[in-house]
Amino acid sequence: MDLAGKKIVLGLTGGIACYKAAELTRALIKAGASVQVVMTEAATHFITPVTMQALSGQTVYTSQWDARVGNNMAHIDLTRHADAIVLAPCSADFMAKLVQGRCDDLLSTLCLARPHALPLLVAPAMNVEMWQNPATQRNVAQLKADGIHVLGPGTGEQACGETGLGRMLEPEQLLEEIIAAFQQKVLQGKRVLVTAGPTFEPIDPVRGITNLSSGKMGYAIARAAREAGAVVTLVSGPTALTTPYGVKRIDITSARQMHEAVMATVGGNEVFIAVAAVADWHVSNASTQKIKKDQDGKTPALEFAPNPDILAEVAARHDAPYCVGFAAESERLLQHAEAKRLKKNIPLLVGNIGHQTFGRDDNELVLFDAAGHVALPRAGKQALARELIAAIAVRL
Ligand code: C5P
């Protein structure tokens, strides 16, 4: 679970987006976090403390004069064991308060009194004109300068009927932002290109040849790279997976299309991670019409031509990024993988055993570089992806 053991103080301020805080609470808890809700008086007009208490399973606080807190120090006690404060929704007024350090209710006092290393994440939610007002924009800039994470806002139709920037991010987007906030920013500002999934080489318009690959490892790596602060492009073969949050995805089908997409985008990237299971050959006599089954007892003869080796070609560029290859072997991983690394002339090759990874949610990896090899023991693919990104960052 991405937020296992994390203690989150979720602050709600007045705004119609309060209804999304209910969904966010559930998502945070599902991801392993515990959620302590604190609401301003205005927030209680949009959603009841009862709802938030039922969803979070913890007492909801709305007042600094709450007699249930023995020492009357809720504004101190609530954050001392927390891992993050998330304000969702955060109103324009509350942002102004944060900027000025005002503390005239429990939530604003709690924010001002937070330990300085405790991350504060705010998800603005307001009308487009309120968002674009120079006063709000000044406040946003100041919040960022103060080290506060501003999440979004999104753009689109608003509850007031107007359209534009100011919508609170959706709960699932906020969840991704909160998970990312806990990851080390080891690739901050770096550009990373990832290939993932299988390729599909047509035989005719309805048939083809492909490799076994769900794309899960590559997608997890793309997500981990973005969590680490990178700008990530994912060139993907056909998969059933959803695009990781904040990642730009380019869909291709065949190896030659993947080659074209990679060559068009690789310039300017600092890291290239080739996770895709690229077909080694394509059918050179592929038919533009469906090949008929009934051919007087004869079976079609397929002819093959090699596909471009995308990784080797990228590694050979004069402006080559740091190149990471993958090898899915069926046996003798140690010998095959190191040989492959040298043949492709890449600094890092990641080996895994095919039947122990295909389609699964867990995996185990062995990292080969010039210094030798190191194993990352079996774990979930997302956890391994984060370890791999950390390993790449130290080698960059
Ligand atoms: O050569 P082989 O397929 O064994 O090497 C696997 C690695 O090379 C993977 O990282 C894969 O994404 C990459 N590759 C590639 N283009 C190919 C074949 C493999 O980028 N045509």
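Where is the place of Ala225? In this predicted model, Ala225 sits in helix α9. With a relative accessible area of 0%, Ala225 is buried, because anything under 20% counts as such. Setting aside neighbours up to four places off in sequence, its contacts are Leu187, Val192, Ala230, Val232 and Ile389. Ala225 also lies 9.9 Å from Ala180, C-alpha to C-alpha, with the two positions 45 residues apart in sequence.

Ala180 brings in a second helix. The axis of α8 (residues 171–181) comes within 9 Å of the axis of α9, and the two cross at roughly 70 degrees. That crossing makes α8 roughly perpendicular to α9. On the α8 side the contact is made by Glu176, Glu177, Ile179 and Ala180, and on the α9 side by Arg223, Arg226 and Glu227. What kinds of residue make up this contact of α8 with α9? Five are charged, two are nonpolar and none is polar.

Helix α9 also has a sheet to lean on. Eight strands make up this open sheet, running in the order β12-β11-β8-β13-β16-β17-β18-β19 with mixed pairing. Its edges are β12 (248–251) and β19 (372–380), each of which pairs on one side only. From one strand to the next, the twist averages 20 degrees. Helix α9 (residues 216–227) packs on the sheet and touches β8 (191–196), β11 (231–236), β12, β13 (271–274), β16 (322–329) and β18. The direction of α9 makes about 165 degrees with that of β11.

Another helix, α12 (residues 333–344), packs on the sheet too, this time touching β16, β17, β18 and β19. Its direction makes about 55 degrees with that of β18. As for β18 itself (residues 362–369), this strand pairs with β17 (residues 348–353) in the antiparallel sense, over three bridges. Within the pair, Val350 stands opposite Leu367 in β18.

Next comes the nonpolar core. Which residues touch the most other members of the largest one? Among its 34 residues, these are Val192, Val194, Ile221, Ile273, Phe326, Ile389 and Ile392. At least two core residues come from each of β8, α9, β11, β13, β16, β17, β18 and α13 (381–395). Ile221 gives a good view of how this works out: leaving aside neighbours within four places in sequence, Ile221 is in contact with Val194, Ile273, Val275, Phe326, Ala385, Leu388 and Ile389. Ile389 turns up again among the contacts of Ala225, as does Val192. There is also a second, separate core, this one of 32 residues, with Ala22, Leu121, Leu175 and Ile179 among them. Ile179 is, in addition, one of the α8 residues in the contact with α9.

Away from the sheet, Thr109 is a residue worth a look. Thr109 belongs to helix α5 (residues 106–112). Is Thr109 buried or exposed? At 11% relative accessibility, Thr109 counts as buried, since the cut-off is under 20%. Beyond the residues up to four places away in sequence, Thr109 touches Gln64, His75, Cys103 and Asp104.

That leaves the backbone. Most residues other than glycine have a negative phi, and most peptide bonds are trans. A few places in the model depart from this pattern. The peptide bond from Ala88 to Pro89 is cis, with omega near 0 degrees, and Pro89 is found in strand β3 (residues 84–90). Gly152 and Pro153 are likewise joined by a cis peptide bond, with omega at about 5 degrees. Here the proline is in a loop, with Pro153 lying between β5 (149–150) and β6 (154–157).

Two asparagines have a positive phi. For Asn72, phi is about 60 degrees, and the residue is placed in the loop between α2 (49–56) and α3 (74–80). Asn72 is partly exposed, with a relative accessible area of 46%. For Asn345, phi is near 60 degrees, again positive in a residue other than glycine. Asn345 is found in the loop between α12 and β17. At 60% relative accessibility, Asn345 counts as exposed, because the cut-off for that class is over 50%.

Methods:
Residues are numbered from 1 along each chain as its sequence is written. This is a predicted model: local features need pLDDT of at least 70, side-chain atom pairs count only at pLDDT 80 or more; totals for chains, interfaces and linings use all residues. Side-chain values use heavy atoms; hydrogens and water are left out. Two strands pair if DSSP finds at least two bridges between them. Helices (H or I, at least four residues) and strands (E, at least two) are DSSP runs, numbered from the N terminus. Axes are lines fitted to C-alpha atoms, for helices over the stretch in contact, and angles run from 0 to 180 degrees between N-to-C directions. Contact means heavy atoms within 4.5 Å. A nonpolar core is a set of buried Ala, Val, Leu, Ile, Met, Phe, Trp, Tyr and Cys residues joined through side-chain atoms within 4.5 Å. Buried means under 20% relative accessible area, exposed over 50%, partly exposed in between (1.4 Å probe, protein chains only). Angles under 35 degrees count as roughly parallel, over 145 as roughly antiparallel, 65 to 115 as roughly perpendicular and the rest as oblique. Ala, Val, Leu, Ile, Met, Phe, Trp, Tyr, Cys and Pro count as nonpolar, Asp, Glu, Lys and Arg as charged, and the others, Gly among them, as polar.
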